[in-house]
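Please read the points below with the model open beside you, and look up each residue as it comes up. They are meant as a colleague's notes, taken one topic at a time.

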Amino acid sequence: MRDAVIHTPEEIERIRIAAQATAAVREQLRTMIIPGMTTRNVDDLAGRLIAETGGTSSFLGYHGFSGNICISINDVVVHGTGSDQVVIKDTDILSIDLGVTINGATGDTAVTLAFRDDLSADLKRLLSATEEALYAGIAEARKGKFVRDISAAVEAVGKKARLGIVREYVGHGCGTKLHEPPEVPNFVMPGFRGPKLVPGMVLAIEPMFNLGSARVYTEPDHWTVRTRDGQWSAHFEHQVLITETEPEILTCQKM
Ligand code: MG
């Protein structure tokens, strides 16, 4: 396998369109998801909003995944699916992770939502540090740097906030396929530098931090990933283009 995919200008134009559609659906979901909905309602809504973009879900059917998007509540870290049994409470936190495929290109973005302003200090720390780590990673996504520089920046924020940094799931190249090389870990590994960043690389940077330990397990459904200790988890993700100058956050909504 190549160690990184470098996209052509023509591919980047298509990836931009898919990423913008993905961002638009994320922003609609952010305002439309309210307590009292089931997570199945959320998935159905996401399916409708994705269809309205003219694209299709990048996740539905991916290795057999059954949802339109990933919906991960509270101690679910990633890869949760909508359920009729789970009614969202205003005290919950809800991570949504989604991708829209259009014309052979895909977006990928995630955000963790909360529904009240009076969150506990721990939850505020979890949400703010995970999002801060995403932007710290993005700041390193520059020509001439290495994947390790992104990993180190993400990890530093997680460590400073005393959060568990999930190791089993990592960021990745993402453009004409949902998962492309390279992997983008949220932590540094001895001896791992990863490829040098060059213009045309598109990376999904996605810290997943836990309030407690980093340890996770997968439920018997083979998808739902939960924290071992039952403490809650957050996940923020943007898809970022390496350019000659500043990183371009493709999943920032531009209109
Ligand atoms: Mg991703």
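1. In this predicted model, the count of aromatic pairs comes to 1. The partners are F65 and W223, whose rings meet edge-to-face, with 5.0 Å from centre to centre and 80° between the planes. An angle over 60 degrees is what counts as edge-to-face, which is why the pair is described in that way.

2. It is worth finding both partners along the chain, since F65 belongs to the loop between β1 (56-57) and β2 (70-73), while W223 belongs to the loop between β13 (216-218) and β14 (225-227), so the pair ties together parts that are 158 residues apart in sequence. Are the two rings buried or partly exposed? F65 has a relative accessible area of 4% and is therefore buried, whereas W223, at 23% relative accessibility, counts as partly exposed. The cut-off that matters here is 20%, because a residue has to fall under that value to be called buried.

3. Two arginines are placed over aromatic rings. The charged end of R167 sits over the ring of F187, at 3.8 Å from its centre, and R193 lies over the face of F146, where the distance to the ring centre is 3.9 Å.

4. Which residues hold the magnesium ion? Its protein donors are D108 through OD, H172 through NE2, and E206 and E237 through OE, and they lie 2.2 to 2.4 Å from the ion. Read along the chain, these donors follow the spacing D-x63-H-x33-E-x30-E. E206 is found in the loop between β11 (202-205) and β12 (208-210), and E237 in the loop between β15 (233-235) and β16 (238-241), so this pair ties together parts that are 31 residues apart in sequence. Both E206 and E237 are buried.

5. The largest pocket deserves a separate look, and the space in it comes to about 460 Å³. Its lining is made up of 25 residues, and those nearest the centre are H79, V170, H172, H179 and E206. Two of these names, H172 and E206, have already appeared among the donors of the magnesium ion. The elements that give two or more residues to the lining are β9 (171-173) and β10 (180-184), and the largest share, 4 residues, comes from β10.

6. As for the character of that lining, how many of its residues are nonpolar, polar and charged? The lining of the largest pocket divides into 12 nonpolar, 6 polar and 7 charged residues.

Notes:
Residues are numbered from 1 along each chain as its sequence is written. This is a predicted model: local features need pLDDT of at least 70, side-chain atom pairs count only at pLDDT 80 or more; totals for chains, interfaces and linings use all residues. Side-chain values use heavy atoms; hydrogens and water are left out. Donors are N, O and S atoms within 2.8 Å of the metal (3.2 Å for Na, K and Ca); water is not among the atoms, so sites may look incomplete. Buried means under 20% relative accessible area, exposed over 50%, partly exposed in between (1.4 Å probe, protein chains only). Rings of Phe, Tyr and Trp (its six-membered ring) pair if their centres lie within 6.5 Å; planes under 30 degrees apart count as stacked, over 60 as edge-to-face and the rest as tilted. A charge sits over a ring if NZ of Lys or CZ of Arg is within 6 Å of the ring centre and within 35 degrees of the ring normal. On a 1 Å grid over the protein atoms alone, a cavity is a set of points where a 1.4 Å probe fits but cannot get out, and a pocket is an open set with protein on both sides within 12 Å along at least five of seven lines; lining residues have an atom within 4 Å of a point. Grid points are joined across faces, edges and corners, and a volume is the space filled by probe spheres set on the points. Ala, Val, Leu, Ile, Met, Phe, Trp, Tyr, Cys and Pro count as nonpolar, Asp, Glu, Lys and Arg as charged, and the others, Gly among them, as polar.
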